[in-house]
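Student: Hi! I have a structure open and would like to talk it through. Can we start with some basics?

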Amino acid sequence: MEPTGGAQRLFNKDFLAGLIFLAFGLAAIHIADNDYPMGTMMRMGPGNFPVMLGGILALFGVYLAGRGLGWPAKSPAPVTWNPRPVGCIVASMLAFGFLVPRLGLVPALAAMFFLAALGGRGLRWREVLVLTVLMTAFAVGVFVYLLKLPFQLFPGVYLV
Amino acid sequence: MFENLALGFAVAFSLQNLAYCFAGVAMGTLIGVLPGISPLVAIGMLFPLTFMLPPIPALIMLAGIYYGAQYGGSTTAILVNLPGETASAVTCIDGYQMARQGRAGPALAVAALASFFAGCVGTLLIALIGPPLGEWALKFGPWEYCALMLMGLVASAVLAHGDAVKGLAMVALGLLFGIVGTDVNSGLPRYTFELPELVDGIGFTVIAVGLFAVAEIASNLESREPREVFTGRIERLMPSRHDLGDSAWPTVRGTGVGALFGVLPGTGPALSSFAAYMLEKKLARSPERFGAGAIEGVAAPEAANNAAAQTGFIPTLTLGIPGSAVMTLMVGAMMMHGLAPGPQAMAEKPELFWGIVASMWIGNLMLVVLNLPLIGLWVSLLKVPYRWLFPAIVMFCCIGAYSVSNNPVDVYLCAGVGALGYVLAKLDCEPAPLLLGYVLGPLFEEHLRRAMLLARGDPSPFFTRPISLAFMVGTALVLAVMVWPVLRRRSPS
């Protein structure tokens, strides 16, 4: 799915970065404007500084997006994406966070290692298994046994 | 003046603190030397380990981790030609050539010795410049602090490598991230989206680990080019008398260059090591040797790098304004231990301040003592493939984020920040200015509000108070540096 023509022009580093900054800036202004008092010049309210920052951020966003569209003239670098590595890393962390309170550290780490390993190149299941066992043992030894972090290892099983 | 250092050494030389310093150096080097793991990642991933300790040992261990990670980075630069960070990119040039010629041992030894020399000079400079600077800074009002922070933020965005506009936008985004949480003046929760976890703000661990460790692994996994690992044996470790003679003056000059650059906000080690290298190349009788394994090309940038890292602590500790990404990590970690660096901290908790300074030096010394004999071990670590490393780093990130408050939400946030950092890095937006903005955000707003209140809503004191004006002029100059090339390019010449 190669973007073509006009779409291709938009898939560049400046335009996309500009959009992200613009989105954050506008969101910051929107939320602050609705919910936080502005105060006065003398007594700045909780909304004042965020709106200033949001404005600055949005301005930078507009400038970058404009530059991405070719103004001022500069050929912006295109971006290519490979969502798999980042997707696997994020998924593995979410799985860890989800499983630790429910099933304990050991199952959470096992899920984390297998999901994370999916994001790498040259995946070998046997290696992942060995790595998981070794690193889980390390984590239990160092973090739970030595540093005494209050992790449950399996449902209802605690070391300390 | 030196009684301060003496106090520091008294603190740092307790057996317990030495042990923590040693542990920090060992772990920092161990992680920092692993290929594809920059010092920032190493520090980001290891600093949650220090949470369990009381403040002084924690900060001492952190200093050890810092030096170990930095030195580990140089080792990878020399042996694998893979610079962990921009500061060691210059070391790669000649260091790797030396390694290919079978002189990896002397290159590593000279790097360690030059770093140590620079570290000693840097420590002395902190003891010399720190107190008067801190005393001067005690006179700062909110205007001066605001202007100084503005200058630091702008400088870090503009002078760092990469696009200056993107850097400034990242600073603004970081400041916004920094003010998430309960507003200290009104008690109003801001940008918390009704999440109780965000009432105290986005945790520093979440930001630092997500931005530097998670995002970097994702980027690394995507763009791995085959690397050539040095596989030969290291036969001779100690540099010959000739090597030492050749690297003596470059070390001294590199230290000078680095010390100068380190104090300036935003420039930090990266620029200094590059400047030192160029200086040596200019001064050399046979500049063609540079790039083909000149030992001066290792000694000078390594000395500059370390001197800058050390003098970077001057603005960080005395003014509370960090100059580089690593320094920002250190400040964030100090804040987590309830120490906000700045002139007040220096005056009120001298044992902490000078303890850190002294342990910096001890960390440096331990590095030499520990690393020179262990180089063989570090070399064997270089052969560990990345596909084994990165899941282990993710594990450290998860456990680090989770253990801050035993809350899975921190892990989710960390993953989210990592994904955002990855996307932004893809778009050539450097994460370091964001982190600096995040750390300084709450402080900046507080001083701004106080300044406006004290002047009854009049912003003019920013430009009428002399010190504040000087910082404002500095900010304008830095911005001019950024705008100037654009204007010049567009004018028909």
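Tutor: Sure! One term to begin with: two residues are in contact if their C-beta atoms, placed from the backbone, lie within 7 Å. Also keep in mind that this is a predicted model.

Student: Okay, so which residues is M112(A) in contact with, leaving aside its neighbours within four places in sequence?

Tutor: In chain A, M112(A) touches S92(A), A95(A) and F96(A). Across in chain B, its partners are V394(B), M395(B) and C398(B).

Student: And which residues have the most contacts inside the largest nonpolar core?

Tutor: M112(A) again, together with L57(A). That core has 225 residues. Domain 1 (5-68) and domain 2 (83-158) of chain A each supply at least three residues to this core.

Student: How many residues does each chain bring to the contact between A and B?

Tutor: Chain A brings 56 residues and chain B brings 53. On the chain A side, helix 4 gives the most, with 12 residues. By class, that side has 43 nonpolar, nine polar and four charged residues.

Student: New topic: what about helix 12 of chain B, is it enclosed or open?

Tutor: 16 of its 16 residues are buried, so helix 12 of chain B is largely enclosed by the rest of the structure. This helix covers residues 296-311 and reaches 22 Å from its first C-alpha to its last, close to the 22 Å expected.

Student: Last one: what scores does the predictor give the complex?

Tutor: An ipTM of 0.91 and a pTM of 0.83. For chain B, the average pLDDT is 82, and 92% of the residues score at least 70.

Conventions. Residues are numbered from 1 along each chain as its sequence is written. Chains are lettered from A and ligands numbered from 1 in the order in which they are written. This is a predicted model: local features need pLDDT of at least 70, side-chain atom pairs count only at pLDDT 80 or more; totals for chains, interfaces and linings use all residues. Helices (H or I, at least four residues) and strands (E, at least two) are DSSP runs, numbered from the N terminus. Ala, Val, Leu, Ile, Met, Phe, Trp, Tyr, Cys and Pro count as nonpolar, Asp, Glu, Lys and Arg as charged, and the others, Gly among them, as polar. pLDDT is the predictor's confidence in each residue, from 0 to 100. The expected span of a helix is 1.5 Å times one less than its number of residues. A residue is buried if 20 or more other C-beta atoms lie within 10 Å of its own, exposed if 12 or fewer, and partly exposed in between; C-beta atoms are placed from the backbone. A nonpolar core is a set of buried Ala, Val, Leu, Ile, Met, Phe, Trp, Tyr and Cys residues joined through C-beta atoms within 7 Å. Domain bounds come from an automatic or database domain assignment.
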